[in-house]
Amino acid sequence: MFSFWVERIRLHRSIYFIRDKKAKNLCIFSPYKKIIPYINAENDIPAKVIQLAENYSYGGADELFLYNYSRDEKSREEFLSLARQVSREIDIPFMIGCYTARLEDVKKALYTGASAAVIKTAILKDFKLFRE
C-alpha cells in the first residue's frame, strides 16, 4: 500500500506509529478516521448521560468514551452502574475512564461491558498497576 512503511507499531486498532528510515521521523497514520465522542459523567444526571450516549450511537459515532475521574468510592460505584446501563442501551463499543488505584478497579470497569479501560497516569499514585 505505502512503500515508505519500514516499521509500524500498532497503538490502537486504527492508529499506528510509522517510522520512515529515509525521512527519520515519526508520523501517525490512521487508515480511516473514527468518530469518538466523549462524555464527562462527573456531577451529571444519569438519565442525561444515557440520552447523550444513545444520541451519539444513533448519530453515527464509531465508539464512545465515558469518563469520571473522581476519587471517592461512592461516586465511582455510581458511575460504574451508569456505565452498565449505557452498555445495555447502546450498540457501539465504548471505553471507560475512571480513577484506578488497584487492578480490581480496572476489572470492575471492564465488567461493565466496556471494550477498554483508560487509566489517567497524571492521577495515578503507584505505577505498579502497569506491571500487573
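This is a short tour of a predicted model, stop by stop.

Residue numbers start at 1 along each chain as its sequence is written. Local features need pLDDT of at least 70 and side-chain atom pairs count only at pLDDT 80 or more, while totals for chains, interfaces and linings use all residues; side-chain values use heavy atoms, with hydrogens and water left out.

**Stop one: the sheet.** Select strands 4, 5, 6 and 7. They form an open sheet in the order 4-5-6-7, with parallel pairing. Strands are DSSP runs of E, at least two residues, and helices are runs of H or I, at least four, numbered from the N terminus. Two strands pair if DSSP finds at least two bridges between them. Strand 4 (38-40) and strand 7 (116-118) are at the edges; each has a single partner strand, so one side of each lacks a neighbour in the sheet. On average, neighbouring strands are turned by 20° against each other, direction ignored.

**Stop two: strands 5 and 6.** Select 64-68 and 94-98. Five bridges join these parallel strands. Pick Leu66: its bridge partner in strand 6 is Ile96.

**Stop three: two helices.** Helix 2 (residues 73-89) packs on the sheet and touches strands 5 and 6. Contact means heavy atoms within 4.5 Å. The direction of helix 2 makes about 175° with that of strand 6. Angles run from 0 to 180 degrees between N-to-C directions, with axes fitted to C-alpha atoms, for helices over the stretch in contact. Now select helix 1 (residues 46-58), which lies across strands 4 and 5 and runs at about 175° to strand 4.

**Last stop: Arg102.** Find Arg102 in the loop between strand 6 and helix 3 (103-111). Its C-alpha atom is 9.8 Å from that of Lys125, 23 residues away along the chain.
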